[in-house]
Amino acid sequence: MNDYAGQHEVISENMASQIIVDLARYVQELKQERKSNFHDGRKAQQHIETCWKQLESSKRRFERDCKEADRAQQYFEKMDADINVTKADVEKARQQAQIRHQMAEDSKADYSSILQKFNHEQHEYYHTHIPNIFQKIQEMEERRIVRIGESMKTYAEVDRQVIPIIGKCLDGIVKAAESIDQKNDSQLVIEAYKSGFEPPGDIEFEDYTQPMKRTVSDNSLSNSRGEGKPDLKFGGKSKGKLWPFIKKNKSPKQQKEPLSHRFNEFMTSKPKIHCFRSLKRGLSLKLGATPEDFSNLPPEQRRKKLQQKVDELSKEIQKEMDQRDAITKMKDVYLKNPQMGDPASLDHKLAEVSQNIEKLRLETQKFEAWLAEVEGRLPARSEQARRQSGLYDSQNPPTVNNCAQDRESSPDGSYTEEQSQESEVKVLATDFDDEFDDEEPLPAIGTCKALYTFEGQNEGTISVVEGETLYVIEEDKGDGWTRIRRNEDEEGYVPTSYVEVCLDKNAKGAKTYI
């Protein structure tokens, strides 16, 4: 699949270098040529409109002069027919009529000249200029079509070059798919995660009619540590992997043990890693905050989150740098043209943007360091931790056996001889076991009464109603939160000030918080 995707990347790169770049440049040239042709068309249109306006103006002037000449001629004839008019007035009217006739003749000649010119320009417009412009646009479009065809041929050649390789990739995909062995894959998973525990043997019949000491079979699931009474109760807590389908009893009413016994057990037993992991998750839920370096996430998820944060910071840095360049250009404009603005007014904004860039760069370096730690240092650190873990196991075999016995307890809380033998075999702990291993529910250390109603909306909290009585499984550690349980499926944190806590006498401190 990687090779198949790589060939498509080759096609993309060749298209970008051989087709897209040339087409982009050619498109710009076509835009300029088209713009020039349209400019010539608008220029010719404006010229013919100007000629038409001149023709209309000369025509109106010729019409006006003709009417004026007719009126002057009529006035002269009227004056010449009137016997009461002096000879001087008649001569004046005659001269005026001649002047008007001459003006009409001049307007007629001007109108005729402009008309001939307009007819010539109109003929040139419709038979020369406009056809030439349309011809240029048509030739441009034809060249564009030819260029597109050449680009399509180039694409076909680029694609044809990688078709044999793509065919081999597809053959490899089919071969890989046909070589899948689901039985072998399932067996590999079984071998990797099987418990290795032996099923218990048959329980021997115990004859209570014989007056003899009743003994328990070595293969019994009951207590085999020398106790006189057989204990066949199956209602106890199940913690070992011999009983993977029995639901654990999370009832808060558990048998109380002396505080000294608990302290001795804590001092002699090896703490489990998943217990600290659970404690870390509990504290994260109580605090309601995510670490800045995403250390609460698995390595791969943490790497993705850190990479996403680095990309976001890079975009912000680029945005700030673009803003700085824009302010710098504006400042240069102000320096060259002081009337547009004061260059000193931009110094404060420029300094602020530079500080933001420096802060973002420091933040990016911090996240890049965490990202480098996840990508490069964590695997080596995990390998070192495994070597140290193996050395610790070889130096402390009794502790490992005790932990193994603790995990392999039967439902009634006792231990069988088969389990003691299995405890001698070292089992390598993995992250998979840490995540899916059943954890011992915290015992109830007291009770509490809700003084007020609390709506647990955040993750890890639990809602309580005023007057409700619940079980306390973890007291306040000084952060203002108490962990409580309502039933086997509901537990979480509530503010300590919302409840009245009463710890058992055997619990640590036996104090009352209100």
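These are my notebook entries on a predicted model, going through its helices, its strands and its cysteines.

**Entry 1: the helix pair**

I started with helix α1, residues 2–81, and helix α2, residues 87–178. I looked up how the two pack and got an angle of about 170 degrees, with the axes 7 Å apart. Angles over 145 degrees count as roughly antiparallel, so α1 is roughly antiparallel to α2. Next I checked what sort of residues make up the contact of α1 with α2: 42 are nonpolar, 18 polar and 21 charged.

I then picked one residue, phenylalanine 76, which lies in α1. Buried or exposed, I wondered, is phenylalanine 76? Its relative accessible area is 16%, and the cut-off for buried is under 20%, so Phe76 goes down as buried. I also took a C-alpha distance from phenylalanine 76 to alanine 93: the two are 17 residues apart along the chain, and their C-alpha atoms are separated by 4.9 Å.

**Entry 2: helix α6**

Helix α6 covers residues 299–336, which is 38 residues. I compared its span with the expected one: from first C-alpha to last it reaches 55 Å, close to the 56 Å expected at 1.5 Å a residue.

Which residues of α6 are buried? My list reads Arg302, Leu306, Val310, Leu313, Ile317, Glu320, Ile327 and Tyr334. A reminder to myself: an α-helix has 3.6 residues a turn, so residues three or four places apart point the same way. I note that the buried list includes the charged residues Arg302 and Glu320.

**Entry 3: strand β1 and its partners**

On to the strands. Strand β1 is residues 446–450 and strand β2 is residues 469–474; they run antiparallel and are joined by four bridges. Within that pairing, glycine 446 stands opposite valine 472 of β2.

β1 also pairs with strand β5, residues 499–503, again antiparallel, over five bridges. Here I looked up lysine 449, and its bridge partner in β5 is glutamate 500.

Which residues sit on the covered face of β1, and which on the uncovered one? Gly446, Cys448 and Ala450 make the covered face, while Thr447 and Lys449 make the uncovered one.

**Entry 4: the loop between β1 and β2**

I stopped at asparagine 458, whose place is in the loop between β1 and β2. Its relative accessibility is 58%, and exposed starts over 50%, so Asn458 counts as exposed. I also took the distance to tyrosine 493, 35 residues away along the chain: the C-alpha atoms of Asn458 and Tyr493 are separated by 9.8 Å.

**Entry 5: the two hairpins**

β2 pairs with strand β3, residues 481–485, in the antiparallel sense over three bridges. I found tyrosine 471 opposite arginine 485 of β3, and valine 472 opposite isoleucine 484. Valine 472 is the residue that also faces glycine 446 of β1.

How many residues lie between β2 and β3 in their hairpin? There are six, and glycine 478 in the turn has a positive phi of about 100 degrees.

β3 goes on to strand β4, residues 491–495, over five bridges, with the two strands antiparallel. Isoleucine 484 turns up again, with glycine 492 of β4 as its bridge partner. β3 and β4 form a hairpin too, with five residues between them. As for burial, β3 is mostly covered, with four of its five residues buried.

**Entry 6: cysteines**

Last, I looked for disulfides, and the count came to zero. A disulfide is a covalent bond between the sulfur atoms of two cysteines. I checked cysteine 448 by itself: the nearest cysteine sulfur belongs to cysteine 502 and is 8.8 Å away. A disulfide needs the two sulfurs within 2.5 Å, so Cys448 is in no disulfide. Looking from the other end, cysteine 502 is in no disulfide either, with the sulfur of cysteine 448 as its nearest cysteine sulfur.

What burial does each cysteine have? Cysteine 448 is buried, at 3% relative accessible area, whereas cysteine 502 is partly exposed, at 36%. For Cys448 this goes with its place on the covered face of β1.

Note on methods
Residues are numbered from 1 along each chain as its sequence is written. This is a predicted model: local features need pLDDT of at least 70, side-chain atom pairs count only at pLDDT 80 or more; totals for chains, interfaces and linings use all residues. Side-chain values use heavy atoms; hydrogens and water are left out. Two strands pair if DSSP finds at least two bridges between them. Axes are lines fitted to C-alpha atoms, for helices over the stretch in contact, and angles run from 0 to 180 degrees between N-to-C directions. Angles under 35 degrees count as roughly parallel, over 145 as roughly antiparallel, 65 to 115 as roughly perpendicular and the rest as oblique. Buried means under 20% relative accessible area, exposed over 50%, partly exposed in between (1.4 Å probe, protein chains only). The expected span of a helix is 1.5 Å times one less than its number of residues.
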